[in-house]
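Here are a few exercises to work through with the model open in your viewer. Try each task before you read its solution.

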Amino acid sequence: MTQPNKQVEQVIQRYRKVERVNHWVTAGCFVLLAISGLAFFYPAFFWLTGVFGTPQLARILHPWIGVVMFLSFMIMFFRYAKHNILNKEDAKWLTSVGDILKGRAVGDVGKYNAGQKAMFWLMSICMLTLLVTGLLSWHAYFGEVVPIPLKRVGLLLHAASALVLIAGIIVHVYAAIWVRGTIRAMVEGVVSQAWARTHHPRWYREVMAKRAEKAKTEGGSAL
C-alpha cells in the first residue's frame, strides 16, 4: 500500500542559531541573578543561595553574572532596537488588547508587536539601571570610592529595578506560552508561515518578498 503524501509544513526562519544562543545566555544569567538577588533581599529566600553552593560564593558570583547578562543583552539590544521603534500600528494594537486576548489579530504588525516593544524598552531601562546601581554597590571594587548615602540609594534602585524586571520577565514568559508557536521560534529558530501571517503580517510579507527576490536573482544567475 502506498502511504499518503504528508503535506510539508511551510516555515520561516525567525531567529538564527547565534541569536538563540544569545537569548538563552541572557535568560540563564537572569535566572541565576533572580535566585541570588531574591535570596539576598528576602530572608525567607536565603536558602536559595544553596544553588551556588554557599552564600559566600553566591555573593561573589552575583555581580560577575550581572556583567555577563548586561553584555549579552547589549548584543540583543543593538540587534533588535531597529525593530522595536513604535509606530501608528502599535497604537492600534494597544487599544485593542481585549481582541488580542481573545486570539484575534490586530493591526499590520511587523516583526514585533506593541507589547513586545514595550517589554524590550522596559528590559533595556532595567538592565541599564541594574548595571549602574550594581557597580555603585560592588563593594569589592568601589567600596572605598562610592559614598555610603549614594550606595544606599543605589541599592534601593537596584532592588526596585530587579523586581520590575522579574515581573516583566514573568509576563514575557506567560505571553510566549499564551501565543502558541512563539516558544518554537526561540527553540528551533522557525515559525510556520500561518503563524507569521496571523501574528506578524507585515513581517511575513517582508520575509516572503525577500525570499521571492532571492529566488528571482538565483534563477536569473543560473540562466
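A residue counts as buried when its relative accessible area is under 20%, as exposed when it is over 50%, and as partly exposed in between. Keep in mind that this is a predicted model.

**Exercise 1. A charged pair across two helices**

Task: Classify Lys 117 as buried or exposed, then find its salt-bridge partner.

Solution:
- Step 1. The relative accessible area of Lys 117 is 2%, so this residue is buried.
- Step 2. Its partner is Asp 90, and the closest N and O atoms of the two are 2.8 Å apart.
- Step 3. This pair joins distant parts of the chain, with Lys 117 in helix α5 and Asp 90 in helix α3, 27 residues apart.
- Step 4. Asp 90 has a relative accessible area of 6%, so it is buried as well.

As background, side chains of opposite charge can pair when their charged atoms come close.

**Exercise 2. Two further salt bridges**

Task: Work out how many salt bridges the model has, and describe the pairs Asp 108 with Arg 205 and Arg 16 with Glu 19.

Solution:
- Step 1. Counting side-chain nitrogens of Lys or Arg within 4 Å of a carboxyl oxygen of Asp or Glu gives six salt bridges.
- Step 2. Asp 108 and Arg 205 meet at an N to O distance of 2.7 Å. Asp 108 sits in the loop between α4 (97–101) and α5, while Arg 205 belongs to helix α10 (residues 201–222), 97 residues apart.
- Step 3. Asp 108 has a relative accessible area of 23%, so it is partly exposed; Arg 205, at 44%, is partly exposed too.
- Step 4. For Arg 16 and Glu 19 the N to O distance is 3.7 Å. Arg 16 is partly exposed because its relative accessibility is 43%, whereas Glu 19 is buried because its value is 7%.

**Exercise 3. The geometry and packing of α5**

Task: Compare the expected span of helix α5 with the distance between its end C-alpha atoms, then see what caps the helix and what it packs against.

Solution:
- Step 1. Helix α5 covers residues 114–136, which is 23 residues. The expected span is 1.5 Å times one less than the number of residues, so α5 should span 33 Å.
- Step 2. The end C-alpha atoms of α5 are 33 Å apart, in agreement with that expectation.
- Step 3. At the N-terminal end, Asn 113 acts as the cap, with a side-chain oxygen 3.0 Å from the backbone nitrogen of Gly 115.
- Step 4. The buried residues of α5 include Phe 120, Met 123, Met 127 and Leu 130. The buried residues of this helix pack against α1, α2, α3 (88–94) and α7 (148–178).

**Exercise 4. Inside and outside**

Task: Contrast Thr 26 with Ile 60, and place Ile 60 in its surface surroundings.

Solution:
- Step 1. Thr 26 lies in helix α1 (residues 17–41), and its relative accessible area of 6% is why it counts as buried.
- Step 2. Leaving out residues up to four places away in sequence, Thr 26 touches Met 69, Ser 72, Phe 73, Met 76 and Met 127.
- Step 3. Ile 60 is part of helix α2 and counts as exposed because its relative accessibility is 53%.
- Step 4. Ile 60 belongs to a nonpolar surface patch with Leu 57, Leu 61, Trp 64, Leu 135, Tyr 141, Phe 142 and Val 145, and together they have about 750 Å² of accessible area. Two or more patch residues come from each of α2 (55–80) and α6 (139–142), and α2 gives the most, with four.

Notes
Residues are numbered from 1 along each chain as its sequence is written. This is a predicted model: local features need pLDDT of at least 70, side-chain atom pairs count only at pLDDT 80 or more; totals for chains, interfaces and linings use all residues. Side-chain values use heavy atoms; hydrogens and water are left out. Patches are made of residues with over 30% relative accessible area and no salt bridge: like charges are joined within 9 Å, nonpolar side chains (Val, Leu, Ile, Met, Phe, Trp, Tyr) within 5 Å. Accessible areas come from the Shrake-Rupley method with a 1.4 Å probe; for residues, only the protein chains shown count as cover. Buried means under 20% relative accessible area, exposed over 50%, partly exposed in between (1.4 Å probe, protein chains only). Contact means heavy atoms within 4.5 Å. A polar contact is a pair of N or O atoms within 3.5 Å; within protein, one must be able to donate a hydrogen and the other to accept it, and residues adjacent in sequence count only if both atoms are side-chain atoms.
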